[in-house]
Amino acid sequence: MNAPSFPRSGQSRPVRLDLAAVAAMVAPGSRVLDVGCGDGALLQLLAETKSVDGRGVELSQRGVNDCVAKGLSVIQGDADTDLADYPTDGFDYVILSQTLQATHHPRQVLVDMLRIGRRAIVSFPNFGHWKVRLSLLAKGRMPQTTTLAHAWYETPNIHLCTIRDFVDLVEELGAHIERGVALDHSGAPIRVNAPWWVWNLLGAQAIFLLERDAPKKISPSTAKNT
Amino acid sequence: MANALPAIETLSSSDALNGRIVEFPVDRPLITDGGGCVTPLTIAYQTYGELNAERSNAILLCHALTGDQHAANMHPLTGKPGWWDVMVGPGKPFDTERFFIVCSNVVGGCLGTSGPSSINPATGQAYGLGFPVVTIRDMVRAQAMLIDHLGVDQLFCVAGGSMGGMQVLQWAASYPERVFSAMPIATAPKHSSQNIAFHEVGRQAVMADPDWRGGRYLEFGVRPEKGLAVARMAAHITYLSEPALQRKFGRKLQDRAAPTFSFDADFQIENYLRYQGMAFVDRFDANSYLYVTRACDYFDLAADYGGSLAQAFKGAKTRYCVVSFNSDWLYPTSASRAIVHALNASGASVSFVEIDSDKGHDAFLVYEPDFIATTRGFLEAAATARGLPRASETRAK
């Protein structure tokens, strides 16, 4: 097989299953901010299949350069510090793929995401997966799996959580889950209709589409004092 | 403007020196922000490549403080390659086989465009300080007159570094519909106190030279070379990073084994700066230095838009690529980030790259592979969006 020396975007490139699952949650033609967009694979997929107006934020210079070279609008920046500068309601969706667990302030990152966009899509490795639990229980060691491949002393994943932890946090933030999907280690969706605790055992990763709750109606007399 | 006299295109008497020249007649003056008037207005410029039939492939390059129109040809005074030779040429990011590239000397400059060393028609002498103080916006107004003259409605890209980057920002703010894409590089949305401070040191050095003669030195047949050289020496330090200076010069001595216990140039860095200063006075006018530094000092784009930088870019469809260099302490990454934040807030399409380089502010003028790759990628994507042929298609012809 001859690999082209200058691969064109979107041609005969296998689509990562987890990216396809994220893309499936995005309405066509919407405005999307991809936080931690890496080499721009998701933004490209969204541009090609959903005609979105996409922007990205990426920490690594290599990633940004790759994205800009592909014609994507990407800014070098840090989810922890730079989301604060984005205007409220600037986007329809704010996406964070496999990055939440590597941020310093995941809660604040989620708050900002739900401010910048009415909807947020978040994917993360599930620390509640049965293999993770078994590894810690049986071996007494920090788990290393396909999804969580790093040794404890070099992992970028400093804020791991389980699906259950995440669901609780979303409630606290004044948002609700529109859709959710658990993925196996290959990134394929687990097609079972099951309660959260089952997903929390079987899902190696999870993807959630969150939506900001509608603002609570307040009476004019109360509003005056706020 | 139907009755306006046409601008006159001439080749300067020493055409190799200034390139192409256009003179705008007296009924088309440049009215400056300070209330002054430049007429007749002369603009010296260079072009590279061909304008396509649709007039959609024109790129304006804006030069930095002491740059000029000679972006990609051998410089007539120094004999050295143009200031952006690494970026402009066949097959380079600003590909002269694909794009029609224009670069003009700024108003207030000294290489053919109207400036303090031009002859004031009212007196028959050089303007000197009689030339109106100009701003970045005045420079851009003059460029817009040139672009009109060249028959270009919308520029495919406006790009430039440092003071050139300020012009890029001003272009995008003043003429949003005329700028399809913009690359402000190693620049800032306003001059900081420190920026103004360094410029003031330079101006005072020029004006302290007895040969400056209140700005009228040309009338006396002298030039304040020592003052201008000192100004350049001080400024040159701000263009380089401390690590690069250390790496290149350290404490190395110049052609001697031991200090001479004198004020001779014992250290290599002293010798280097003296050389930079002396080389500069051969190609630059001292009064022009006062004018262009002043233009930068007055630059504060947000101030023209009620204090909101985002307002300056509001509603624009221009695609931006903002570039900074991590060792640039003159116009640091934080200044570029301020631009990026404003562009984000205004909903503009923006990319931002901080290039890893130890070359300081001058990094945008030298060979930096990551910077070149970024520029290439951005222009390629913009060209596709603009419906211009891809690089490979141009090559195939």
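Reader: In this predicted model, what makes you say that both faces of strand β3 of chain A are covered?

Author: The strand spans residues 73-76, with A:Ser73 and A:Ile75 on one side and A:Val74 and A:Gln76 on the other, and all of these are buried. A residue is called buried if 20 or more other C-beta atoms lie within 10 Å of its own, so with buried residues on either side, both faces of β3(A) count as covered.

Reader: How do you know that strand β2 of chain A and β3(A) pair, and in which sense?

Author: Strand β2 of chain A, residues 53-58, shares 4 bridges with β3(A), in the parallel sense. Pairing asks for at least two bridges between the strands, and therefore the 4 bridges satisfy the criterion. One pair of bridge partners is A:Val57 and, in β3(A), A:Ile75.

Reader: Why is the β-α-β crossover from β2(A) to β3(A) called right-handed?

Author: The chain leaves β2(A), passes through helix α3 of chain A, residues 61-69, and arrives at β3(A). The name applies because, with the strands pointing away from the viewer, the path from the first strand over the helix to the second runs clockwise, and this crossover is assigned as right-handed.

Reader: What would a compact globule with 397 residues have as its radius of gyration, and what does chain B have?

Author: A globule of that kind would have a radius of gyration near 21 Å, and chain B has 21 Å, so the value agrees with the expectation. The C-alpha atoms of chain B fill a box of roughly 65 × 50 × 45 Å along the principal axes, and 50% of the residues of chain B count as buried.

Reader: Which domains does the assignment give for chain B, and what is in contact between them?

Author: Domain 1 comprises 8-191 + 301-396, and domain 2 comprises 196-293. Their C-alpha centres lie 26 Å apart, while 28 residues of domain 1 of chain B are in contact with 20 residues of domain 2 of chain B. On the side of domain 1 that touches domain 2, the residues divide into 13 nonpolar, 12 polar and 3 charged.

Reader: How many residues of each chain are in contact with the other chain, and which element of chain B gives the most?

Author: Here 22 residues of chain B are in contact with 15 residues of chain A. On the side of chain B that touches chain A, α10 (333-345), β13 (349-355) and α11 (369-386) each supply at least two residues, and α11(B) gives the most, with 9 residues. The residues of that side of chain B divide into 9 nonpolar, 8 polar and 5 charged.

Key: Residues are numbered from 1 along each chain as its sequence is written. Chains are lettered from A and ligands numbered from 1 in the order in which they are written. This is a predicted model: local features need pLDDT of at least 70, side-chain atom pairs count only at pLDDT 80 or more; totals for chains, interfaces and linings use all residues. Domain bounds come from an automatic or database domain assignment. Two residues are in contact if their C-beta atoms, placed from the backbone, lie within 7 Å. Ala, Val, Leu, Ile, Met, Phe, Trp, Tyr, Cys and Pro count as nonpolar, Asp, Glu, Lys and Arg as charged, and the others, Gly among them, as polar. A residue is buried if 20 or more other C-beta atoms lie within 10 Å of its own, exposed if 12 or fewer, and partly exposed in between; C-beta atoms are placed from the backbone. The radius of gyration is taken over C-alpha atoms; the globule rule is 2.2 Å times the number of residues to the power 0.38.
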